[in-house]
Amino acid sequence: MSGGLARQLGRDRLVALGAAAVAALALAFTFTFDKVPAALMEGMGAAEFPQLICVVILVLCLCLFFARPAPETGEAPAPVHACTWWTLALCVGFFAVLALIGMLPAMFLFPIVTGLVWGERRLPLLIGSAAGLTLLVWLLFVSIFQFTLPGGLLGDMLFS
């Protein structure tokens, strides 16, 4: 069934439908969140930010679904490069590092390690871009949206 549907729609469109289904399910789930009292609300709130992210994902899925024509039926997908699997492992590892040292230090380290895995050897460039990204995220989410970013075990021990 999946092979026939994949040939009919094209692999990109099938992926767009799958991602849209997950985003729609997550969006529906956010409407079950408890309401945060106005006196306790900081920034966007517990439901609004995930809803915003889900809507953005749905819009991107629509773009993917309608932007590309379906591939030829005889077109074989390219093999997955080993760097893709290493990047996936780094993304999973990011969450373990985040739990240990917190969001901002983990976000600083992730682009540096990922860049090294991808073959970038200009360490000052990696450090500068990681610092800029971390600063931008801090300014946007902590300063503007007034979110509290996860501190991890180390942050909890140092700052509690």
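This section describes the fold, the nonpolar core, the surface and selected residues of a predicted model.

The protein is helical. Its secondary structure comes to seven helices and zero strands. From the N terminus on, the elements run α-α-α-α-α-α-α. The protein has 160 residues, of which 19% count as buried. About 11,400 Å² is exposed, and carbon and sulfur atoms supply 75% of that area. Among contacts with a separation of 6 or more, 62% join residues 24 or more positions apart.

The largest nonpolar core was examined next. Eight residues make up this core: Phe94, Leu98, Met103, Ala106, Met107, Val137, Phe141 and Phe147. Helices H4, H5 and H6 each supply at least two of them. Helix H6 spans residues 123–144. The largest share comes from H5, with three residues. In soluble globular proteins, nonpolar side chains tend to be buried together. Each core residue is buried, since membership of a nonpolar core requires it. Within the core, Val137 provides one example of packing. Beyond residues up to four places away in sequence, Val137 touches Met107 and Val142. Met107 is itself a member of the core.

Trp138 follows in the chain. Trp138 lies in helix H6. Its relative accessible area is 35%, so Trp138 is partly exposed. Leaving out residues up to four places away in sequence, Trp138 touches Leu104 and Ser143. Trp138 and Thr148 are ten residues apart along the chain, and their C-alpha atoms are separated by 9.8 Å.

Nonpolar side chains also appear on the surface. Trp86, Val97, Leu109, Val113, Val117 and Trp118 make a nonpolar surface patch of about 580 Å². Two elements give two or more residues to this patch: helix H4 (82–101) and helix H5 (103–117). H5 gives the most, with three residues. H5 thus has the largest share of the core and also gives the most to the patch. Leu109 belongs to the patch and has its place in helix H5. The relative accessibility of Leu109 is 39%, so this residue counts as partly exposed. That value also satisfies the patch criterion, because patch residues must have over 30% relative accessible area.

Towards the N terminus, helices H2 and H3 were examined through three residues. Gln51 is placed in helix H3, which covers residues 48–67. Gln51 has a relative accessible area of 17% and is therefore buried, the limit being under 20%. Neighbours within four places in sequence aside, Gln51 is in contact with Leu27, Thr30 and Phe31. Helix H2 covers residues 11–30. Val56 is also found in helix H3. Unlike the buried Gln51, Val56 is partly exposed, with a relative accessible area of 41%. Val56 and Ala23 lie 33 residues apart in sequence, and their C-alpha atoms are 9.2 Å apart in space. Ala26 is found in helix H2. Ala26 has a relative accessible area of 32%, so it is partly exposed. A separation of 28 residues in sequence divides Ala26 from Cys54, while 7.0 Å separates them in space, C-alpha to C-alpha.

Charge pairing was assessed in the same model. Side chains of opposite charge can pair when their charged atoms come close. The count comes to one salt bridge. Its partners are the side chains of Arg122 and Glu120, with an N to O distance of 2.7 Å. This pair qualifies because the limit is 4 Å between the side-chain nitrogen and the carboxyl oxygen. The two partners fall into separate accessibility classes. Arg122 counts as exposed because its relative accessibility is 52%, and the threshold is over 50%. Glu120 is partly exposed at 22%.

Cysteines were considered last. The count of disulfides comes to zero. A disulfide would require a pair of cysteine sulfur atoms within 2.5 Å. Cys83 counts as partly exposed, because its relative accessibility is 22%. Cys91 also counts as partly exposed, at 31% relative accessibility.

Notes: Residues are numbered from 1 along each chain as its sequence is written. This is a predicted model: local features need pLDDT of at least 70, side-chain atom pairs count only at pLDDT 80 or more; totals for chains, interfaces and linings use all residues. Side-chain values use heavy atoms; hydrogens and water are left out. Buried means under 20% relative accessible area, exposed over 50%, partly exposed in between (1.4 Å probe, protein chains only). Patches are made of residues with over 30% relative accessible area and no salt bridge: like charges are joined within 9 Å, nonpolar side chains (Val, Leu, Ile, Met, Phe, Trp, Tyr) within 5 Å. Accessible areas come from the Shrake-Rupley method with a 1.4 Å probe; for residues, only the protein chains shown count as cover. Helices (H or I, at least four residues) and strands (E, at least two) are DSSP runs, numbered from the N terminus. A nonpolar core is a set of buried Ala, Val, Leu, Ile, Met, Phe, Trp, Tyr and Cys residues joined through side-chain atoms within 4.5 Å. Contact means heavy atoms within 4.5 Å.
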